[in-house]
Amino acid sequence: MAEVLANLFYLMEGSFSSPIVDGFKDLLENKHLYQSVNIALPSFEVAYKKVSEIPNLKKTQPDALAECQHIYNSVPEFGWQIISPKTINYMGLGGDSMPPKRIVEIEFTPATIKIFCPTCDRIEPHNFYYGTDFFRPIKESYDKSPNDFQVFLLSYECQSCKNTPLVFIVRREKAKIILSGRVPMEQVVVSKIIPKSQKKFFSDAVIAFNSGQILPGKFLLRTFIEQYIREVTENKTSQNIEGLLEKYAEALPKDFRDRFPSLADIYSKLSVDIHKADSTPELFTECQLLIEEHFEAKKVFKLS
């Protein structure tokens, strides 16, 4: 019975591993620090439907199927174990094998993802290199729910440069996975229309916003504008930023000023929210788009 039961779990495993792989890919490619993805794991009935249709299996092994369903229905979530493509000593303890499987466990290998490579300075495919997990139950009683909580450590290698792997920490709470850490810090692809000298402030603003730090993000957007204005007006010391913004605007063609976003207006809006300590996200998104529109228009007008 034990061997038949193990084979049934193996046959059903693909029904569970597939949405987990897709969930990790979505999280690492599209989400930001502390954001999450809820993985829709199939019901037992969906998972064993194809298995039960294997010729003679249901007829000859009804007890095994019944026991299999009983176990899956009695465990709210299952343990997840990463299968790495490379053999590496587990936790530095010696030996070349992974630890034994826990009570009921789903094995999966994370897919290749497309993310920003800091060495190549562009989006590149990254191959999953190695991963492991740290595991404990959320609930006090291990017997009742042994697989509620895990923390995964995953490393990825850029297909192009094959430089130092990128490392991610993913926290799992039942069927929800949360991006809880990464090295190096997230970097965003900033439009080429953004002035190169101040690009870091703009990029850091977007990263702060993506990580839920809305107010620091607004401050960094305003810092971007201020540092750009100081450079183009060649004034690094004046405390009268409004005066520098006015000087900058006067140097632009009237047709441009009438039709496109004003950096002075954007700076003023951001200042109001900063002074109010307003962490609502709408203004950040609005100002980000207005800044990009301003510099896109300068490119069209061929203004330096």
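Strands here are DSSP runs of E that hold at least two residues, and they are numbered from the N terminus. With that in hand, welcome to the tour; bear in mind throughout that this is a predicted model.

**Stop 1: strand β7 and its partners**

Start by selecting residues 166-173, which make up strand β7. Colour its two faces separately: L166, F168, V170 and R172 lie on the covered face, while V167, I169, R171 and E173 lie on the uncovered one. This fits a general pattern, because side chains in a regular strand alternate between the two faces of the sheet.

Now add β6, residues 149-158. Strands β6 and β7 run antiparallel and are joined by eight bridges. To find one of the pairings, pick V151, whose bridge partner in β7 is R171.

Next, bring in β8, residues 176-183. Here too the strands run antiparallel, with seven bridges joining β7 to β8. Click on F168 and look across to R182 of β8, which stands opposite. Then follow the chain round the hairpin of β7 and β8, where two residues sit between the strands. Pause at K174 in this hairpin, which takes a positive phi near 55 degrees.

**Stop 2: the loop after β8**

Continue along the chain into the loop between β8 and α5 (199-210), and select K192. Is this lysine, K192, buried or exposed? K192 counts as exposed, because its relative accessibility is 80% and the cut-off for exposed is over 50%. Now add E292: K192 and E292 are 100 residues apart along the chain, yet their C-alpha atoms are separated by 9.9 Å.

**Stop 3: the nonpolar cores**

Show I225, L263 and I291 as sticks; these are the residues with the most contacts inside the largest nonpolar core, which has 32 residues. The elements that give two or more residues to this core are α5, α6 (214-232), α7 (241-250), α9 (263-276) and α10 (282-300). Which of them provides the largest share of the core? That is α10, with seven residues.

Centre the view on I291. Leaving aside neighbours within four places in sequence, I291 is in contact with I194, F202, L221, F224, I225 and I266.

There is a second, separate core to visit, made up of 24 residues. Select F24, F108, Y156 and L179, which are among them.

**Stop 4: salt bridges**

A search of the whole structure finds nine salt bridges, and three are worth a click.

- Go to helix α1 (residues 2-30) and select K25 and E29; being four residues apart in this helix, they are separated by about one helical turn. Their closest N and O atoms are 3.0 Å apart. E29 is partly exposed at 26% relative accessible area, and K25 is partly exposed at 29%.
- Move on to R122 and E124, whose side chains meet in a salt bridge at 2.4 Å, N to O. E124 is buried, with a relative accessible area of 13%, whereas R122 counts as partly exposed at 39%.
- Finish in helix α8 (residues 254-259) with D255 and R259, again four residues apart and about one helical turn from each other. Their salt bridge is 3.2 Å, N to O. R259 counts as exposed at 52% relative accessibility, while D255 counts as partly exposed at 40%.

Definitions and conventions
Residues numbered from 1 in each chain as written. Predicted model: local features only at pLDDT ≥ 70, side-chain atom pairs only at ≥ 80, totals over all residues. Heavy atoms only, no water. Buried < 20%, exposed > 50% of the residue type's maximum accessible area, 1.4 Å probe, protein only. Core = buried A, V, L, I, M, F, W, Y, C linked by side-chain atoms within 4.5 Å. Contact = heavy atoms within 4.5 Å. Salt bridge = Lys/Arg side-chain N within 4 Å of Asp/Glu carboxyl O. Pairing = 2+ DSSP bridges.
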